[in-house]
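Me: I would like to learn how to read a model of a protein chain, feature by feature. Could we take each idea in general terms and then turn to the case at hand?

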Amino acid sequence: MREALSAFTDAAEGGEISAQQEVLARAWLKAFDKARQAGFQGIGVEEAYFDVRLG
């Protein structure tokens, strides 16, 4: 998970990433979107802030 988040962050900030890192970044984006959609089910909110902390 840490590697996928790192690849996504690097790509989002305009950094160059390898093809393998791109696959990880896209997987992170899909997982994030699924979690976001699940979190919004049953509540009347359009937007929210998500913070990911790795320890």
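Reply: What follows is a walk through this predicted model, from the overall form to single residues.

Me: Let us begin with the whole chain: how many helices and how many strands are there in it?

Reply: A count of secondary structure elements is a sensible place to start, and here the chain has two helices and zero strands. The radius of gyration is 13 Å, well over the 10 Å that the globule rule gives for 55 residues, so the chain is more spread out than a compact globule. Along the principal axes, the C-alpha atoms fill a box of roughly 40 × 20 × 20 Å.

Me: What share of the 55 residues counts as buried, and how much area does the chain expose?

Reply: Burial is judged by relative accessible area, with under 20% as the cut-off, and on that basis 11% of the 55 residues count as buried. The chain exposes about 4700 Å², of which carbon and sulfur atoms supply 52%.

Me: Turning to the helix α1, which of its residues are buried, and why can they be said to line one face?

Reply: One looks down the helix axis and asks in which directions the buried residues point. In α1, which covers residues 2-12, the buried residues are A4, L5 and A7. Seen down the axis of α1, these residues fall within an arc of 160°, so they line one face of the helix. The face turned away from that buried side carries R2 and E3, which are exposed. As for the cover over the buried residues of α1, it includes α2, residues 19-40.

Me: What happens in the backbone just after α1?

Reply: Backbone torsions are worth checking where a helix stops, and in this model G14, just after α1, takes a positive phi of about 85°.

Me: Which residues does I17 contact, leaving aside its neighbours within four places in sequence?

Reply: A contact list shows which parts of the chain a residue touches. I17 is found in the loop between α1 and α2, and with a relative accessible area of 28% it is partly exposed. Beyond those sequence neighbours, I17 is in contact with A7, D10, A11, E22 and A25. For one of these, A7, which is ten residues away from I17 along the chain, the C-alpha atoms are separated by 7.0 Å.

Me: How should I set sequence separation against distance in space for T9 and W28, and for R36 and E16?

Reply: The two quantities are best read side by side, since each pair has its own values. T9, in helix α1, is partly exposed at 30% relative accessibility; T9 and W28 are 19 residues apart in sequence and 9.8 Å apart in space, C-alpha to C-alpha. R36, found in helix α2, is partly exposed at 29% relative accessibility. The C-alpha atoms of R36 and E16, 20 residues apart along the chain, are separated by 27 Å.

Me: Which residues form the salt bridge, and where do they lie?

Reply: Side chains of opposite charge can pair when their charged atoms come close. The structure holds one salt bridge, in which R26 pairs with E22, the closest N and O atoms being 2.8 Å apart. Both residues, R26 and E22, lie in helix α2, four residues apart, which is about one turn of the helix. R26 counts as exposed at 56% relative accessibility, whereas E22, with a relative accessible area of 36%, is partly exposed.

Me: Finally, which residues form a nonpolar patch on the surface?

Reply: A patch is read as a group of residues with its own accessible area. Here M1, V52 and L54 form a nonpolar patch on the surface, with about 270 Å² of accessible area together. Among them, V52 is found in the segment after α2 and counts as partly exposed at 36% relative accessibility.

Note on methods: Residues are numbered from 1 along each chain as its sequence is written. This is a predicted model: local features need pLDDT of at least 70, side-chain atom pairs count only at pLDDT 80 or more; totals for chains, interfaces and linings use all residues. Side-chain values use heavy atoms; hydrogens and water are left out. Buried means under 20% relative accessible area, exposed over 50%, partly exposed in between (1.4 Å probe, protein chains only). The arc is that of the directions from the helix axis to the C-beta atoms. Contact means heavy atoms within 4.5 Å. A salt bridge is a side-chain nitrogen of Lys or Arg within 4 Å of a carboxyl oxygen of Asp or Glu. Patches are made of residues with over 30% relative accessible area and no salt bridge: like charges are joined within 9 Å, nonpolar side chains (Val, Leu, Ile, Met, Phe, Trp, Tyr) within 5 Å. Accessible areas come from the Shrake-Rupley method with a 1.4 Å probe; for residues, only the protein chains shown count as cover. The radius of gyration is taken over C-alpha atoms; the globule rule is 2.2 Å times the number of residues to the power 0.38.
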